[in-house]
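Here are some short exercises to try with the model open beside you. Have a go at each task before reading its solution.

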Amino acid sequence: MKMTKPFTVVIGILALGALIFNIYQDPKVSHLFGKEINDWLYRAFWLLIVGLCVYNYIYIDRNTLKNKSKSKR
């Protein structure tokens with residue numbers, strides 16, 4: 001499934017919200033997929049998701065610009 005720009009932005013915002021809320025709440029243990037994990041691993045997971053969304057957004061944007069320039073010729 002190819003991710004679209006709006007879907008990437010929504011997932012990135014939700015992941016960033018989860019990360020910020022976790023930092024604000026500062027729990028000793030977090031839950032991810034029903035399992036207790038270290039708080040820093042939880043933050044690293046959501047930071048990875050945010051990073052992937054930003055990378056995917058930039059990748060989609062570059063391809064969109066390339067396709068637009070090809071269609072003008």
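**Exercise 1. Find how many aromatic pairs there are, and describe the pair of Phe-33 and Phe-45**.

Step 1. Set the rule: rings of Phe, Tyr and Trp (its six-membered ring) pair if their centres lie within 6.5 Å, with planes under 30 degrees apart counting as stacked, over 60 as edge-to-face and the rest as tilted. By this rule there are four aromatic pairs. The model is predicted, so local features need pLDDT of at least 70, side-chain atom pairs count only at pLDDT 80 or more, and totals for chains, interfaces and linings use all residues. Residues are numbered from 1 along each chain as its sequence is written, and side-chain values use heavy atoms, with hydrogens and water left out.

Step 2. The ring centres of Phe-33 and Phe-45 are 5.8 Å apart and the planes stand at 80 degrees, so this pair is edge-to-face.

Step 3. Now place the partners, taking helices (H or I, at least four residues) and strands (E, at least two) as DSSP runs numbered from the N terminus. Phe-33 is in the loop between strand 1 and strand 2 (35-38), while Phe-45 is in helix 2, so the pair ties together parts twelve residues apart in sequence.

Step 4. Check accessibility, where buried means under 20% relative accessible area, exposed over 50% and partly exposed in between (1.4 Å probe, protein chains only). Phe-33 is exposed at 71%, and Phe-45 is partly exposed at 25%.

Step 5. Compare Tyr-55 and Tyr-59, a stacked pair with 6.4 Å centre to centre and 20 degrees between the planes. Both lie in helix 2, four residues apart, about one turn of the helix.

**Exercise 2. Work out which residues the salt bridges join into one network**.

Step 1. Use the cut-off: a side-chain nitrogen of Lys or Arg within 4 Å of a carboxyl oxygen of Asp or Glu. The whole structure then yields two salt bridges.

Step 2. Arg-43 meets Asp-26 at 3.4 Å, N to O. Arg-43 lies in helix 2 (residues 39-71) and Asp-26 in the loop between helix 1 (5-25) and strand 1 (29-32), so parts 17 residues apart in sequence are tied together.

Step 3. Arg-43 also bridges to Asp-39, with the closest N and O atoms 2.8 Å apart. Sharing partners, the salt bridges join Asp-26, Asp-39 and Arg-43 into one network.

Step 4. Look at burial: Arg-43 is buried at 9%, Asp-39 is buried at 4%, and Asp-26 is partly exposed at 47%.
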